Amino acid sequence: MTDIKSLSFDELSEEVEKLNLQKFRACQIYQWLHKEGVTSFDEMTNLSKSLRDTLSERYFIPHCETEDKYVSQLDDTVKYLFKLYDGEYIESVIMKYKYGYTICISTQVGCKMGCKFCASTLAGFKRNLLPAEMESQLHAAQRDLCVRISHIVLMGIGEPLDNYDNVIKFLKTVNDEKGLNISLRDITISTCGIVPRIYNLMDEGLPVTLTISLHAPNDEIRSKTMPINDRYGVDSVIKASRDYAEKTSRRVSFEYTLIKGVNDSAECAKELAQKLKGFICHVNLIPVNDVKERGNIKSSDKTINNFKDTLKSLGINATIRRTLGKDINASCGQLRRRKNNGD
């Protein structure tokens with residue numbers, strides 16, 4: 001059966017034509033799938049019963065079922081563990097800000113990248129998510145919370161640029177005015193630095209925000225925590241980021257997770273500032289998450305603040321990321337790992 005929700009509007013129109021249906025049916029079906037986020041054809045109430053039966057025989061609608069839900073008592077952050085049609089699990093996080101709701105979505109079931117501070121790789125990589133499965137995380141959360149999500153961050157389980165084609169299709173679909181109509185400028189893609197795909201994204205002409213998981217100022221340190229660095233080193237990642245910022249006129253952000261005794265020294269801050277000077281960027285400093293299998297120790301508050309102050313004194317815009325959902329382990333990968341381990 002064909003995944004009907006991952007079809008573009010033009011592709012859906014071709015399917016409608018094959019079924020000898022009137023052209024307006026494509027718009028009706030597309031809006032049910034993408035604006036309303038239905039999970040079955042029976043919910044498409046302006047279609048005849050016979051047409052709904054025909055669609056059910058030929059197509060399926062991938063969707064997310066809530067397996068677990070956690071609500072922070074500290075800041076109203078909500079974390080979902082979603083079950084997919086094949087029994088696999090992914091995670092999403094909803095964060096409330098002054099401007100509205102942001103969702104952090106997963107793009108893969110597991111991750112291949114093997115970063116030493118991340119829980120997403122612990123349960124292994126299984127497969128890429130379909131465009132429909134990425135979008136369905138928004139629909140499931142909106143339906144459950146009765147809110148409109150206006151911002152998207154592709155920073156959950158998985159490496160978005162390792163699932164490139166499906167991610168690009170997802171971006172175009174959620175931006176479609178016939179669907180969720182979310183501005184591309186309100187979407188952020190986070191990558192560990194797959195350099196060729198950064199250039200591919202740059203050439204797409206999509207005004208999304210690019211965030212680079214850098215986490216070290218040089219190859220020696222970065223390779224110890226991020227295996228991807230053996231293929232795409234710090235200098236090549238930063239050059240690609242500069243090129244992206246120059247061509248798109250979009251500020252690039254760098255994620256920098258601070259680990260005690262690994263990458264949090266004043267020397268690291270100075271070296272990072274030297275490599276980032278001269279283009280519009282921002283450094284987001286992140287205290288390392290407490291993942292028991294990793295054994296990383298969070299830098300002290302004083303060290304984190306000194307790192308930030310050093311960067312700013314050298315002309316680099318830097319902030320410390322506010323920790324949301326701390327009481328519910330809102331960093332991605334931990335719920336999936338526990339579910340797979342039977343915890």
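Hi everyone, let's start with a pair of charged residues: Lys275 and Glu271 meet through their side chains in a salt bridge, 4.0 Å from N to O. Before I go on, please keep in mind that this is a predicted model. Both residues belong to helix H9, which covers residues 266–276, and they sit four residues apart, about one turn of the helix. How exposed or buried are they? Lys275 is partly exposed, at 24% relative accessible area, and Glu271 is partly exposed too, at 29%.

The general idea is one you all know: side chains of opposite charge can pair when their charged atoms come close. In this structure there are 15 salt bridges. Let me pick out a few others.

One of them joins Lys79 and Glu91, with 2.9 Å between N and O. This pair links distant parts of the chain, with Lys79 in strand S4 (residues 78–83) and Glu91 in strand S5 (residues 89–97), 12 residues apart. Now look at the accessibility. Lys79 is buried, with a relative accessible area of 0%, and Glu91 is buried as well, again at 0%. So here we have a salt bridge whose lysine and glutamate are both buried.

There is also a network: salt bridges link Asp86, Arg127 and Glu133.

Next, a residue I'd like you to find on the screen, Lys178. Its salt-bridge partner is Asp176, and the closest N and O atoms are 3.2 Å apart. Lys178 is partly exposed at 23% relative accessibility, whereas Asp176 is buried at 14%. Which ring does the charged end of Lys178 sit over, at 4.5 Å from the centre? That ring belongs to Phe9. Lys178 also lies over the face of Tyr30, 5.7 Å from the centre of that ring.

That brings us to the aromatic residues. The model has six aromatic pairs. Phe9 and Tyr30 make one of them, an edge-to-face pair with 5.4 Å between centres and 90 degrees between the planes. The two residues come from distant parts of the chain: Phe9 is in helix H1 (residues 9–18) and Tyr30 is in helix H2 (residues 24–36), 21 residues apart. Phe9 is partly exposed, at 22% relative accessible area, while Tyr30 is buried, at 2%.

Another edge-to-face pair is Phe254 with Phe279, at 6.2 Å centre to centre and again 90 degrees between the planes. This one also links distant parts of the chain, 25 residues apart, from Phe254 in strand S12 to Phe279 in the loop between H9 and strand S13 (281–287). Both rings belong to buried residues: Phe254 has 1% relative accessibility and Phe279 has 16%.

While we are in strand S12, which spans residues 252–258, have a look at Glu255. Glu255 is buried, at 6% relative accessible area. What does Glu255 touch, leaving out residues up to four places away in sequence? Its contacts include Met155, Thr211, His215, Asn284 and Arg321.

Now to the nonpolar interior. In soluble globular proteins, nonpolar side chains tend to be buried together. Here the largest nonpolar core has 76 residues, and the ones with the most contacts inside it are Ile152, Leu171, Phe254, Val283 and Leu311. You have met Phe254 already, as the partner of Phe279. Take Val283 as an example: setting aside neighbours within four places in sequence, its contacts include Phe254, Tyr256, Leu272, Leu276 and Leu311. Apart from this core lies another one of 18 residues, with Ile4, Leu7, Val16 and Tyr59 among them.

Last topic, the cysteines. How many disulfides does the model have? The count is zero. Why is Cys192 without one? The closest cysteine sulfur, in Cys115, is 5.5 Å from the sulfur of Cys192, which is too far for a bond, given that a disulfide needs the two sulfurs within 2.5 Å. Cys281 is in no disulfide either, with the nearest cysteine sulfur, that of Cys268, 17 Å away. Both Cys192, at 4% relative accessibility, and Cys281, at 8%, are buried.

To wrap up, if you take one spot back to your desk, make it Lys178, with its salt bridge to Asp176 and its place over the rings of Phe9 and Tyr30. Thanks, everyone!

Key
Residues numbered from 1 in each chain as written. Predicted model: local features only at pLDDT ≥ 70, side-chain atom pairs only at ≥ 80, totals over all residues. Heavy atoms only, no water. Buried < 20%, exposed > 50% of the residue type's maximum accessible area, 1.4 Å probe, protein only. Contact = heavy atoms within 4.5 Å. Phe/Tyr/Trp six-rings, centres within 6.5 Å; stacked < 30°, edge-to-face > 60°. Lys NZ or Arg CZ within 6 Å of the ring centre and 35° of its normal. Core = buried A, V, L, I, M, F, W, Y, C linked by side-chain atoms within 4.5 Å.
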